[in-house]
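Student: Could you take me through one part of this model up close? I'd like to look at the ligand site and the helix beside it, and then see how that part sits in the rest of the chain.

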Amino acid sequence: MIELTDVALAYGERPVLNGLNLRLEERRVGVVGSNGSGKSTFARLLNGLLLPTRGRVTVDGLDTRTHAREVRRRVGFVFQNPDSQIVFPVVEEDLAFGLKPLKLPPAEQEARISAVLDRYDLGAYREHPSHHLSGGQKQLLALSGVLVMQPAYLVLDEPTTLLDLRNRLRVARAVRELPQTVVAASHDLDFLRDFDRVLVFEDGRVTVDDVPNAALSRYVERMQE
Ligand SMILES: Nc1ncnc2c1ncn2[C@@H]1O[C@H](COP(=O)(O)OP(=O)(O)OP(=O)(O)O)[C@@H](O)[C@H]1O
């Protein structure tokens with residue numbers, strides 16, 4: 001379980017998140033909110049990419065401040081911009097790089113890479129330059145690079161923004177089928193409809209916390225006010 005206790009975060013003098021007390025126990029938690037409401041900042045707190053200015057964030061009881069390495073292993077993070085994540089020039093090298101610290105037997109490493117490439121129709125691009133992939137394919141590669149490590153939790157920041165309908169549905173299905181706990185920030189309300197819980201962020205606070213239908217309707221109403 002991921003837990004936030006009395007969390008606030010400021011960038012310098014500028015408060016961005018405030019008063020967050022949350023226990024994220026459901027398998028799929030969605031996060032919506034207008035531009036600049038704090039969703040990405042919130043997502044980055046969950047795996048210790050950012051530390052709170054006040055309060056604490058724990059993952060299975062491990063504080064992100066004091067157990068950074070264990071937390072990073074448990075919580076995979078997929079960035080909004082895949083170029084922030086894809087570091088190696090060739091697709092398969094990029095996937096293998098993430099796996100290196102796990103020191104898997106070669107056959108297991110190969111099986112994981114093949115499975116994830118097949119799942120997202122990237123098999124034909126295995127030996128291609130990663131930066132020649134389309135925007136959507138890069139987004140899928142970035143997701144694959146995290147899935148291949150089989151983290152216990154997955155935090156996704158806008159995972160469907162660049163995807164066409166087929167790939168959006170594919171990612172939605174993958175998220176539905178994943179055994180991991182997923183926290184996803186998204187402007188794609190359809191993607192979040194079958195989640196277990198949705199948080200609405202406004203000005204760095206959670207103003208609605210409910211099942212998707214109720215939370216998304218409130219969010220749409222508020223945006224029309
Ligand atoms: N590194 C930073 N330094 C200073 N301010 C920042 C930094 N990153 C984000 N902010 C500010 O914090 C606020 C929240 O940003 P954040 O990226 O968390 O919002 P968001 O809800 O994810 O937005 P979007 O939907 O546009 O992606 C914004 O006002 C932004 O300008």
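Tutor: Let's start at the ligand and work outwards. Keep in mind that this is a predicted model.

The residues around the ligand are Y11, V16, G33, N35, G36, S37, G38, K39, S40 and T41. Sort that shell by class and you get 7 polar, 2 nonpolar and 1 charged residues. Helix α1, residues 39-46, supplies 3 residues of the shell, the largest share.

So what does the rest of α1 look like, and which of its residues are buried? They are K39, F42, A43, L45 and L46. These buried residues cover an arc of only 155° around the axis, so they sit on the same side of α1. Notice that K39 turns up twice: K39 is among the residues around the ligand, and K39 is also one of the buried residues of α1.

Past the end of α1 comes G48, with a positive phi near 80°. From G48 you can hop across to H67: the two are 19 residues apart in sequence, and their C-alpha atoms are 8.9 Å apart in space. H67 belongs to the loop between β5 (62-63) and α2 (68-74). With 17 other C-beta atoms within 10 Å, H67 counts as partly exposed.

For another helix to set beside α1, try α3, residues 91-99. Its buried residues are V91, D94 and L95. Looking down the axis of α3, you'd find them within an arc of 95°, so they line one face of the helix. And what covers them? The cover includes α4 (106-119) and α5 (135-147).

While we're on backbone angles, there are a couple of loop residues to click on. Most residues other than glycine have a negative phi. E158 is not a glycine, yet its phi is positive, about 55°. You'll find E158 in the loop between β7 (153-157) and α6 (165-177). E158 is buried, with 20 other C-beta atoms within 10 Å. D203 is another non-glycine residue with a positive phi, near 50°. Its place is the loop between β9 (197-202) and β10 (205-210). D203 is partly exposed, with 14 other C-beta atoms within 10 Å.

Now zoom out to the whole chain. There are 8 helices and 10 strands in the chain, and buried residues make up 39% of its 225 residues. Along its principal axes, the C-alpha trace spans about 50 × 40 × 30 Å. A compact globule with 225 residues would have a radius of gyration near 17 Å, and the chain agrees, because its own value is 17 Å. Take the contacts between residues at least 6 apart in sequence: 66% of them join residues at least 24 apart.

As for a label, an unreviewed UniProt entry lists residues 2-224 as "domain: ABC transporter". That span is 36% helix and 27% strand, and its end C-alpha atoms lie 32 Å apart.

If you want to retrace the route on screen, begin with the shell, where α1 gives the largest share of residues. Then turn α1 to see its buried residues on the same side, and step on to G48 with its positive phi.

Terms used: Residues are numbered from 1 along each chain as its sequence is written. This is a predicted model: local features need pLDDT of at least 70, side-chain atom pairs count only at pLDDT 80 or more; totals for chains, interfaces and linings use all residues. UniProt positions are given in the numbering used here, feature names are shortened, and annotations may be inferred rather than shown by experiment. Helices (H or I, at least four residues) and strands (E, at least two) are DSSP runs, numbered from the N terminus. A residue is near a molecule or strand if its C-beta atom, placed from the backbone, lies within 6 Å of it. Ala, Val, Leu, Ile, Met, Phe, Trp, Tyr, Cys and Pro count as nonpolar, Asp, Glu, Lys and Arg as charged, and the others, Gly among them, as polar. A residue is buried if 20 or more other C-beta atoms lie within 10 Å of its own, exposed if 12 or fewer, and partly exposed in between; C-beta atoms are placed from the backbone. The arc is that of the directions from the helix axis to the C-beta atoms. Two residues are in contact if their C-beta atoms, placed from the backbone, lie within 7 Å. The radius of gyration is taken over C-alpha atoms; the globule rule is 2.2 Å times the number of residues to the power 0.38.
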